[in-house]
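User: I am new to this structure and would like a close look at a single part of it. Please take the salt bridges and explain where they sit.

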Amino acid sequence: MAKKNTAEVLINGKIYMISGYESTDYLHRVATYLNEMEEQISRTENYGILSQDEKQLLKNMNLADVYFKADAAREELQQQAEQKDREIYGLKHDLIDARMERERLMAQIQELEDRLSREQKRQEQHAKSASGRRLYKPEQRL
C-alpha cells in the first residue's frame, strides 16, 4: 500500500498539517493553489462585505467551476484521442490494403515480364530457324 505523507502548509495565513498519499510536493502545490485562489477572490468587488459562509460558498463555486472546466477539457481530449485512434486504425487498414494491392500488381508485372521473355525467346528461335532457310520470291520461280 502507498505511504501516507504529511506536510505542514500555510493556507490563508494559518498553518495546517495535511496528509495524503500524494507526495509532499503535491500537498504544497495544493496549498499554494488555494492561497492564490483566495487572493484572487478577495480582490473581487464587495468581497469584504460578504459573510464567512458567503465567502466560503464563493470559493467552493470557483473550485467547482475550475473542476468542471478541467473535466470538460479532459473529456474533449479523451474524445480527440479516441478519434485519432479510429483514424490510425483506418490508416493501418488502408496501408494493409495498399500493400496487398502492391503485391498483386508486382505479381502481375512478374507474370507479364515472364510472358515477354518467353515471347522474345520464341521470336529469336523463329528468327534463327528462318535464317537457315532460303526464301524465294514469287517472281524468281517463273
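Analyst: What follows describes the salt bridges and the helices that carry them.

This is a predicted model, in which local features need pLDDT of at least 70 and side-chain atom pairs count only at pLDDT 80 or more, while totals for chains, interfaces and linings use all residues. Residues are numbered from 1 along each chain as its sequence is written, and side-chain values use heavy atoms, with hydrogens and water left out.

A search of the whole structure finds 7 salt bridges (a side-chain nitrogen of Lys or Arg within 4 Å of a carboxyl oxygen of Asp or Glu). One of them joins E38 and K59, with the closest N and O atoms 2.5 Å apart. This pair links distant parts of the chain, since E38 is in helix α1 and K59, 21 residues away, is in helix α2 (residues 52-131); helices are DSSP runs of H or I, at least four residues, numbered from the N terminus. Both E38 and K59 are buried (under 20% relative accessible area; exposed is over 50%, partly exposed in between, with a 1.4 Å probe and protein chains only).

Another salt bridge joins K69 and D65, at 3.2 Å from N to O. These two are about one helical turn apart because they lie 4 residues from each other in helix α2. K69 counts as exposed, at 56% relative accessibility, whereas D65, at 34%, counts as partly exposed.

D71 and R74 also form a salt bridge, their closest N and O atoms being 2.8 Å apart. They are 3 residues apart in helix α2, so about one helical turn separates them. D71 is partly exposed at 27% relative accessibility, and R74 is partly exposed at 42%. Salt bridges with shared partners join D71, R74 and E75 into one network.
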